[in-house]
Amino acid sequence: MMTSSSGDQWKPSKLKSPQQKLIKEGDHHMRFYTISHKHYCGIDLHTKMMYVCILDSDANILIHKNIPTNGKAFLKLIAPYREDIVVGVECMFSWYWLADLCAKEGIEFILGHALYMRCIHGGKAKNDKVDSEKIARIMRGGDFPLAYAYPAELRPVRDLMRRRSHLVRIKSEIQSHISITNYQYNLEPFDKNIVHKGNREGIADHFDNASVRLNVETDIAVMDSLHDQIRNLENYIIRHAKDYDGRMLYRLKTVPGIGDILALTIMYEILSIDRFPTVQKFCSYSRLVKCANESAGKKMGTSGSKIGNAHRKWAFSEAAILFIRGNDKAQKYVTKLSKKFGKGKALSILSHKLGRAIYFMMKRNDVFDMNYFFRNS
């Protein structure tokens, strides 16, 4: 980390405790699209059909029609209104093609935050026609909550990284099934950790019953195949990351405990740190803080735990665990916090602190500095 004394927002001494900081710093404020246009196109998007509602600046309905989910049909429908139009959809899995089409055609496209767009689910009646009109009207009214439309050129690699994480979870489930099968028959524990491919040879021979042995052999075959596929994905993504921004990958790996996988996850899930004007917004969207739930001066606990990037939350949580391994300063810091808050909250505070550090590392294009990290601890 930079050791400059310039005024930044990373000064935990201003708050009473790290736990209070964890709650007070939360910033889940919505970002709204407030730019005025002549026409507003709200779409209730589905895989086969899409309901399109186009309003003019006076809120008059010009088009309200259900059409096939097809680029040519969509462009033909909006052709008379393309002079000054903005297209908005709720964030769901099939928005990629529409965002790419609008970018290619020079049409303004905005993506709605699904959890914040709950207003379209209210009302006595709910259907595609009603939802598309609601989307168009909140766009015109300046109440459209924005989500980040990830750039098309890097989106496939980010999704490949997420797919790799999914395959790792499947592999872990299969590994657990093999261990459970071993416990079911009260057999001796395996001599080596079967997470490694070379240690799985002969595992099926532990079981006498032919059906059980086939069950385990099937698990091992799937694990071996997943191992090879995961390794291929990792090699591909690492090569891409080095070509895209090898220096950033190197800087992230200067944090103790962060290796290739965590660095790649953080790098591709953040992409551009300029998306976040403050460290508070960054930590909030990384699910590293808790937001107070208050009404009429009364505290009702916390809220917003499901809003934010789950992949980044996982990466920082893993980084906190790995950070304390063989790190005396980190172990003393966590022990001190554990006495006051408990082990779970202590690790949450550490992951939040790591998130803040990485935010400023990326802002300043700097590497990690252990002494600066613990200067007020």
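Here is a friendly round of questions and answers on this predicted model.

User: Before we start, what kind of model is this, and how are the residues numbered?
Analyst: This is a predicted model, in which local features need pLDDT of at least 70 and side-chain atom pairs count only at pLDDT 80 or more, while totals for chains, interfaces and linings use all residues. Side-chain values use heavy atoms, with hydrogens and water left out, and residues are numbered along each chain as its sequence is written, from 1.

User: Good to know! How many helices and strands does the protein have?
Analyst: Helices (H or I, at least four residues) and strands (E, at least two) are DSSP runs, numbered from the N terminus. The C-alpha trace that carries them spans about 75 × 60 × 45 Å along its principal axes. The count for the protein is 12 helices and nine strands.

User: What share of the residues counts as buried?
Analyst: Buried means under 20% relative accessible area, exposed means over 50%, and partly exposed lies in between (1.4 Å probe, protein chains only). The protein has 377 residues, and the share of them that counts as buried is 43%.

User: How far apart are the centres of domain 1 and domain 3?
Analyst: The domain bounds come from an automatic or database domain assignment. Domain 1 covers 23–149, domain 2 covers 154–241, and domain 3 is made of 247–293 + 302–374. Taken over C-alpha atoms, the centres of domain 1 and domain 3 are separated by 34 Å.

User: Let's look at the open sheet. Which are its edge strands?
Analyst: Two strands pair if DSSP finds at least two bridges between them. The open sheet has seven strands with mixed pairing, in the order S1-S7-S6-S5-S2-S3-S4. Pairing on one side only marks the edge strands, which are S1 (32–33) and S4 (61–68).

User: Which residue stands opposite tyrosine 33 in S7?
Analyst: S1 and S7 (residues 144–147) run antiparallel and are joined by two bridges. In S7, the residue opposite tyrosine 33 is phenylalanine 144.

User: How many residues of S2 are buried?
Analyst: In a regular strand, side chains alternate between the two faces of the sheet. On one side of S2, His39, Cys41, Ile43 and Leu45 are buried, and on the other side Tyr40, Gly42 and Asp44 are buried as well. For strand S2 (residues 39–45), the count of buried residues is seven of seven.

User: Which residue of S3 stands opposite glycine 42?
Analyst: S2 and S3 (residues 49–56) form an antiparallel pair with seven bridges. The two strands make a hairpin with three residues between them. Opposite glycine 42 in S3 stands cysteine 53.

User: And which residue of S5 stands opposite histidine 39?
Analyst: S2 runs parallel to S5 (residues 85–90), and five bridges join the two. The S5 residue opposite histidine 39 is isoleucine 85.

User: Which residue in the hairpin of S8 and S9 takes a positive phi?
Analyst: S8 (residues 291–295) and S9 (residues 298–303) run antiparallel and are joined by four bridges. Cysteine 291 stands opposite serine 303, and alanine 292 stands opposite threonine 302. The hairpin has two residues between its strands, and the residue with a positive phi, near 55°, is alanine 296.

User: How many of the six residues in S9 are buried?
Analyst: S9 is hardly covered, whereas S2 is mostly covered. The count of buried residues in S9 is zero.

User: Is leucine 271 buried or exposed?
Analyst: Leucine 271 lies in the loop between helix H7 (260–270) and helix H8 (279–285). Although not a glycine, leucine 271 has a positive phi of about 65°. Because its relative accessible area is 14%, leucine 271 counts as buried.

User: Where does asparagine 365 lie?
Analyst: Asparagine 365 is not a glycine, yet has a positive phi of about 55°. The place of asparagine 365 is the loop between helix H11 (343–364) and helix H12 (370–373).

User: Why does lysine 192 count as exposed?
Analyst: Lysine 192 sits in the loop between helix H5 (155–184) and helix H6 (210–252). Lysine 192 counts as exposed because its relative accessibility is 57%.

User: Last one: how far apart in space are serine 176 and lysine 343?
Analyst: Serine 176 is found in helix H5 and is partly exposed, with a relative accessible area of 40%. Serine 176 and lysine 343 are 167 residues apart in sequence, and their C-alpha to C-alpha distance is 26 Å.
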